[in-house]
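Visitor: Please take one part of this model and walk me through it closely, strand by strand, with whatever packs around it. I would like a single connected account.

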Amino acid sequence: MAADSATSNRHFLPTSLRAAIIAGSYWVVSLSLTVLSGSIGSFIGCLFACYFIDSSINRSPLNKLRTFTIVTISFCVCLLGLSLASLTTNTQILADVMAPIVTFNTGEFIKWFAIAGSLTVILRTLAQRTSVGSVLEILFVATAFVVTLSAHRNGMIHRPFIIGDYALTRGIDPSNILMIFGCGAVLSLAALLMIENNHRRLPYHFTILGLLCFSLLIYVRMFGLPTPQLTDDLGLTGQEQAGNNSRRENPFQDSANDASDKEAPVAVVVFRDDYEPTNGSYYFRESAYSQFNGTMLDYTNRDDMDQDLIERFTSARLETEQLPKAVDQRTAVRTTIGMLISHRNPFGLESPIAYENRPNPNNLRFKRTYDTYSLAPEYDFNYLLGRELGREDWSQEVWDEYLTIPDDERYTQLAESLIANLKPQYADDPFAKAWAVKAYLDENGIYSLKNEHAYETDPAGSFLFGDLTGYCMHFSFAATYMFRSLGIPARVGIGYSVPASNRAGGSSLLIQAVHGHAWPEIYFRDIGWVIVDPAPQQTLVDMTTDPQNSLQQLLGDMLRDDASFEDFLQSQQTSFINVPLLLNILYFALLAALMAGFGTKYYRRWIPAHSNLQNQYRLSYRSVLDQLSAVGLYRKFGESREQFAARVSAIAPSMEIMTSQHLAQALGNADETHYSQQQWRQLRNTIVQEIQTNAETGKKIIATLNPFSWLLSK
Amino acid sequence: MTPDSIAEVSELDQASDTQDISNNDLDVAISVLHKLINAVKQQVLGRDDVIELTVIALMADGHVLLEDFPGSGKTTLAKALGEAIVDSEHSTEAEGQNKPADYIRPFRRIQFTPDLLPSDVTGVPVFDSNSNDFHFRHGPLFAHVVLADEINRTSPKVQSAMLEAMGEKQVTVDNVTYKLDDLFFVIATQNPLDLVGTYPLPTPQLDRFLFKITMDHIDRESELDVLESYKERRDQVQQKITVSRDEVVSARQQIDDTVVISLAVKTALVDISRNLREDERVLQGNSTRSMVLMLPALQVAAALRGRNYVSAEDIELLLPRVLGHRVELAPGVAALDKVLADAMRAPMEQLARGTLS
């Protein structure tokens, strides 16, 4: 029993280290898949499973079970845990007793505890029982980090927050840090594996593994990570699939508004001129739905409509065909926009009038960078009152297009009833009518990311005449239809709307996925397209986000690409380790190590031919040992020289003569020399020839390349 | 390998042979060793390792304890060894004062029983009525090779007399000390299983034996060989190989003078002993004397392999035989091999590495 406890004590440290590493990779993986409670669950589950397996795999009853049985049981436990988790979240009683959020957290905890626990049990069992298992384990850890790393490539640079924020504020690519962690984890696991199997080979193999990981780091540093071609899973309009104007997806589907990544950065905007919106939000228009296609509004396919939009990216400067009017009520604003994910069209601060491509200051970070020139509105409500509608150069067809609505009388009826209560002096005013419609939606609409109208023929109608619960698409479509039913030319603008408060006084503004928006616009003859955006007073979701001021500032500075960015980085780095310098030192050290390795290798091969007879026995023998260890034949710990010579006699039969000559002088009378220089040289050459003849070709190639093979000769 | 390189190798072989032959003194000693071994091999089949160890012990001035079953060839071995050493006629004037040739026999066997008395072993003064005086009648210990059969069956009194002879090469009877022959060599045996009514040898007495050799049954082919050639050996068809006593004594001297034990080897021995003593599985480690006794044995083992230096091989060969009966393991620890291997690993590694520095 005493011996037993001693054994478990000896195993405690490696077990803990391994458990921590595997649990760490679970934590990393779970970050992007679940909430905090799930991450904690997976961490604890993994730790628990590691200690459980390592302490009791060799005891009853586990030692009696076959590996397959243990794996099957683990699967069953996993399924059981998952069902328990789903039972927890789906049972009304629990949700009533506790808060719903607590129920959700408990469910996630149970789910991830079960997944991590059972998977770890399987991995650890395989690792303990089979030789492949340990490799699987290392692969798992490596995969965990690679998966997270590839998530970084998608621009989700904020995850895990701790690492992301820390690295970004210091100007380091977070993927590097994550890669270092991953390499470290894989290395430590591999080291653990080797310690447990054969502690004597550790230093050599650890060096080789370390070099591999280090060269990976160097590769990434020099060439960067491969960037994905397309990213279309974020944001409302983050789609670049094709140049055609047809809408690919139903905009009323919930998935289009999935809030799971609502904080994901989409773009950053740098304001070159002072501008503060009058209505509290910055609107960035990308495109518009203006033509009724029989079921709903869609991108127009007419050249004479929506001529104010910029519909493609070009390398040259591009100006809109139509300029907004009321220039005296607008201010010219130049903005620089850096897109973090790809978009179909450039978007610009309302109303964009020109687009100009800009050199990308950071290819890894920005998909596209460009300048837009906007005439941003500064008018107030009073200015909008009493205006005429429509543009004078619109043809009748265009007018009709902007007024077409679904064949549903209820739009007109509802709109008419809404404007019936207007004060007499505004009864004929277009803006007042529009405002009445907006006010109705503000008061009665309920904002929700879930809706029940997605698959109706007319989702907007179903929303407006149904539960009035929906999101911006529903509100803007409903409003647009009602505007049109009142004879007001209207369309749905698509883009981003960012609260002015997010800018926090700086010159840059971070657009996040949650800011994707659609809004109704109406056209006034002397002004242009004017946004009349319904803002429902009741909302079921919390749409506020962390504006991520430091990220906003960093990306803005990166985009602005001027000296202040470098200054900022410098100021962040001076107080801390200089990472590039450190890396350069490491490269240099690696290079020096390689050169020292090869230098020593060839020196030890060269020196016997140039030393005196007294030292021949030692130097010749050593040079031959080097050549043997290069092809993988080296003396094991505790093995005598004669045993070694006998062992390698299949490859180098003359080694036995060499050994006896060497030992005769090393252990016998050192003064008497048996061999002449000539004979030593002959013996060396013979053995080298024997190795060349008998060793495998692959090993010979490795022997030439390996700079540290001589470390093994002893 | 190219034909050229083969030629080179054979040249090298020849070269190394001639180098070795130049060392004449050692070569004579080596030939004596091989003669002795071959002489015993004629008589004892399938026990080459035991024969080799026994001859090493003989040349190293040590004694051997054999653990074996009855009828396994112990007596044959001892007898063959004893008979292979003959007295040389012309040696009397040089060192003959102490050992008149009449009472030193090549081989004696003593069967130890509980009622044996020390005088039965050493000899006894008897009264000669002719000369009216006592004169000493030499016991069976006055021989070159003495087989002490079942040494653990006799009383401690006889055992201690035996051990004085082994340790000091002399016997003392009635306060008169008689010198034994220089070549005095004891092969003692004991049966490892039949322990009822025995007086087991205590550790300090075991320490007098250089080797304890545990013999297993010989393999099938050898056993068949024994039966096949039984008649020839009984009728002594073959010409016996013999070595003179003086040759053996001078070979001993030559080996002692010629074979080098480097400091590294001695260091390894000391380190192994220290490791053993510190091992918690070992109750009592080996004595310093055991290491001292082992040095000549190492030299002989090296000479037997044609080397004039002691190497790791020799330690590996002899250490288990030297320490087997000297190290007392803690209760519950059975495998001496494993304990020994653990204790040897680091010192042997150091010995091997040391040759390159």
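Guide: Two strands are said to pair if DSSP finds at least two bridges between them, and that convention underlies what follows for the open sheet of chain B. The model is a predicted one, and every value below is computed from it.

The sheet is built from five strands of chain B in the order E3-E6-E9-E1-E10, and the pairing is parallel. Its edges are strand E3 (105–111) and strand E10 (211–214) of chain B, each of which pairs on one side only. From one strand to the next the twist averages 15 degrees. Strands of a sheet pair through backbone hydrogen bonds, either parallel or antiparallel.

Starting from the E10(B) edge, strand E1 (residues 64–67) of chain B is joined to E10(B) by four bridges, and the two run parallel. Within this pairing, B:Leu65 stands opposite B:Lys212 of E10(B). Helix H3 (residues 48–59) of chain B lies across E1, E9 and E10 of chain B, and its direction makes an angle of about 170 degrees with E10(B).

At the other edge, E3(B) pairs with E6(B) in the parallel sense over six bridges, and here B:Arg105 has B:Ala143 in E6(B) as its bridge partner. E6(B) is in turn joined to E9(B) by four bridges, again with the strands running parallel, and B:Ala148 finds its bridge partner in B:Ala188 of E9(B). How many of the residues of E6(B) are buried? Seven of the seven are, so this strand is largely enclosed by the rest of the structure.

Helix H7 of chain B belongs in the same picture, since E6 (143–149) and E9 (185–190) of chain B are among the elements that cover its buried residues. The cover also includes helix H6 (118–122), strand E7 (170–173) and helix H8 (203–206) of chain B. The buried residues in H7(B) are B:Val158, B:Gln159, B:Ala161, B:Met162, B:Leu163, B:Ala165 and B:Met166. An α-helix has 3.6 residues a turn, so residues three or four places apart point the same way. The length of the helix can be checked as well: at 1.5 Å a residue, the 13 residues of H7(B), 156–168, should span 18 Å, and the end C-alpha atoms are 18 Å apart, which agrees. After H7(B) comes B:Lys169, whose phi is positive, near 55 degrees.

To set the sheet in its chain, chain B has 15 helices and 13 strands, and buried residues make up 41% of its 357 residues. Of the contacts in chain B between residues at least 6 apart in sequence, 79% join residues at least 24 apart.

Finally, there is the side of chain B that touches chain A, where 26 residues of chain B are in contact with 26 residues of chain A. On that side, the elements giving two or more residues are helix H1 (3–21), helix H12 (263–278), helix H14 (312–323) and helix H15 (336–354) of chain B. H1(B) gives the most, with seven residues. By class, this side of chain B comprises 13 nonpolar, seven polar and six charged residues.

Notes: Residues are numbered from 1 along each chain as its sequence is written. Chains are lettered from A and ligands numbered from 1 in the order in which they are written. This is a predicted model: local features need pLDDT of at least 70, side-chain atom pairs count only at pLDDT 80 or more; totals for chains, interfaces and linings use all residues. Two residues are in contact if their C-beta atoms, placed from the backbone, lie within 7 Å. Ala, Val, Leu, Ile, Met, Phe, Trp, Tyr, Cys and Pro count as nonpolar, Asp, Glu, Lys and Arg as charged, and the others, Gly among them, as polar. A residue is buried if 20 or more other C-beta atoms lie within 10 Å of its own, exposed if 12 or fewer, and partly exposed in between; C-beta atoms are placed from the backbone. The expected span of a helix is 1.5 Å times one less than its number of residues. Axes are lines fitted to C-alpha atoms, for helices over the stretch in contact, and angles run from 0 to 180 degrees between N-to-C directions.
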